[in-house]
There are 2 protein chains.
Amino acid sequence: MKLSKTEEQVMQYLWKLEKAFMKDILTEFPQPKPATTTVATLLKRMIDKGFVNYNLYGKSREYYPLIKKTDYFSKHVNGLIKNFFNNSASQFASFFTSETNLSVTELEELRKLIDSQIKEQKK
Amino acid sequence: MKLSKTEEQVMQYLWKLEKAFMKDILTEFPQPKPATTTVATLLKRMIDKGFVNYNLYGKSREYYPLIKKTDYFSKHVNGLIKNFFNNSASQFASFFTSETNLSVTELEELRKLIDSQIKEQKK
DNA sequence: AAAAAACCTCTACACTTGTAGAATAAAATT
DNA sequence: AATTTTATTCTACAAGTGTAGAGGTTTTTT
């Protein structure tokens, strides 16, 4: 099961806030804010899909994500990789470095990261 | 305008084949193949969306993509980056290296690529 | 030429998504 | 306590998607 674009947006807020009441979520939305009922519908759907749950405090619900952002995201990226690069992450990586416009600084940072990854894995 | 998941699949075949008659596209699909009419519908929608066009050879159409895979893909990835990493490609990159499981060899390859990118940009 | 296969458009239909009003209940404010 | 605000569920509806049949035309095969 997958979240739709807008549901993903709500998810982002939940990941950011960790726990949130309806009100908090609405606060996060930029103008023009959607109707409360819209967000309520989304949350309900997300609960149905198993991505969100809530705790009851008295009678108000404090919503929280059931999946970690990184987990959700890896699945996402892996789907992308599978879809576009015949499942080759390295092919994707090479595409990525050449096609997104990272600055030299960012590239150097990235190289540093890769180096530490390599060291990590060689252990 | 965006392609749906299945349309993307057809697009993949078109990118691979470069040009293709209906028959060629159907051949690409793994079992169980969709009905011809299904693919026809998809192609029509893709034409409407402006992603595909065709040449007439006698009375049969040879379909071809109007957008390059890399172009389509960068848009895609950039959307992803915007969505998940507040528009920071480097943040995405760092996530990417740590969360996808690239082997040491692949990482080293990637580092090589980055190095040449850096050189490229410093010119 | 007759039959079979291929292909295109139209139509259809169920499911998902974006969006929100109506109705209701509960909570907060005056 | 009365009013206003907030939250929740139901209902709704248009647009998009996955899937394919019916009908018509063309091309290929027998």
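Visitor: Hi! Which residues come nearest to DNA strand C?
Guide: Hello! Of the 18 residues around DNA strand C, the nearest are A:Ser4, A:Thr6, A:Thr41, A:Lys49 and B:Arg61. Keep in mind that this is a predicted model.

Visitor: And how much of the contacting DNA there is sugar and phosphate?
Guide: For DNA strand C, sugar and phosphate make up 63% of the atoms that come within 4 Å of the protein.

Visitor: What does B:Arg61 touch on that strand?
Guide: An N or O atom in the side chain of B:Arg61 is 2.8 Å from a phosphate oxygen of DNA strand C. The backbone can take part too: a polar backbone atom of A:Ala35 is 3.5 Å from a phosphate oxygen of DNA strand C.

Visitor: Which residue has a side-chain atom 3.0 Å from a base nitrogen of DNA strand C?
Guide: That is A:Arg45, through a polar side-chain atom.

Visitor: Which element gives the largest share of the surface near DNA strand C?
Guide: α3(A) does, with four residues. The elements that each supply at least two residues are α1 (5-17) and α3 of chain A, together with α2, α3 and β2 (60-65) of chain B.

Visitor: How do the residues of that surface divide by type?
Guide: Near DNA strand C there are five nonpolar, six polar and seven charged residues.

Visitor: OK, on to the other strand. Which residues come nearest to DNA strand D?
Guide: There are 18 residues around DNA strand D, and A:Arg61, B:Ser4, B:Thr6, B:Thr41 and B:Lys49 come nearest. Here sugar and phosphate account for 62% of the strand's atoms that come within 4 Å of the protein.

Visitor: What does B:Thr41 reach there?
Guide: An N or O atom in the side chain of B:Thr41 is 2.8 Å from a base nitrogen of DNA strand D. B:Lys49 has a polar side-chain atom 2.9 Å from a phosphate oxygen of DNA strand D. In chain A, the side chain of A:Tyr63 has an N or O atom 3.0 Å from a phosphate oxygen of DNA strand D.

Visitor: Which element gives the most to the surface near DNA strand D?
Guide: α3(B), with four residues.

Visitor: What about the two protein chains, how are they related?
Guide: Chain B superposes on chain A by a rotation of 179° with 0.1 Å of shift along the axis, and the RMSD is 0.2 Å. The two copies are therefore related as by a two-fold rotation axis.

Visitor: Which residue of chain B comes closest to that axis?
Guide: B:Arg111, with its C-alpha at 2.9 Å from the rotation axis.

Visitor: New topic: how many aromatic pairs are there?
Guide: There are 10 over all chains. One of them joins B:Tyr13 and B:Phe29, an edge-to-face pair with 5.0 Å centre to centre and 75° between the planes.

Visitor: Where do those two sit in chain B?
Guide: B:Tyr13 is in helix α1 (residues 5-17), while B:Phe29 is in the loop between α2 (22-28) and α3 (36-48), 16 residues apart. Both B:Tyr13 and B:Phe29 are buried.

Visitor: Why is the pair of B:Phe51 and B:Tyr72 edge-to-face?
Guide: The planes of B:Phe51 and B:Tyr72 are at 85°, with the ring centres 6.0 Å apart, so the pair is edge-to-face.

Visitor: Last one: what sits over the ring of A:Tyr54?
Guide: The charged end of A:Arg61, 4.2 Å from the ring centre. In chain B, the charged end of B:Arg61 sits over the ring of B:Tyr54, 4.2 Å from its centre.

Conventions: Residues are numbered from 1 along each chain as its sequence is written. Chains are lettered from A and ligands numbered from 1 in the order in which they are written. This is a predicted model: local features need pLDDT of at least 70, side-chain atom pairs count only at pLDDT 80 or more; totals for chains, interfaces and linings use all residues. Side-chain values use heavy atoms; hydrogens and water are left out. Rings of Phe, Tyr and Trp (its six-membered ring) pair if their centres lie within 6.5 Å; planes under 30 degrees apart count as stacked, over 60 as edge-to-face and the rest as tilted. Buried means under 20% relative accessible area, exposed over 50%, partly exposed in between (1.4 Å probe, protein chains only). A charge sits over a ring if NZ of Lys or CZ of Arg is within 6 Å of the ring centre and within 35 degrees of the ring normal. A residue is near a molecule or strand if one of its heavy atoms lies within 4 Å of it. A polar contact is a pair of N or O atoms within 3.5 Å; within protein, one must be able to donate a hydrogen and the other to accept it, and residues adjacent in sequence count only if both atoms are side-chain atoms. Copies are superposed by least squares on the C-alpha atoms of residues with pLDDT of at least 70 in both. Ala, Val, Leu, Ile, Met, Phe, Trp, Tyr, Cys and Pro count as nonpolar, Asp, Glu, Lys and Arg as charged, and the others, Gly among them, as polar.
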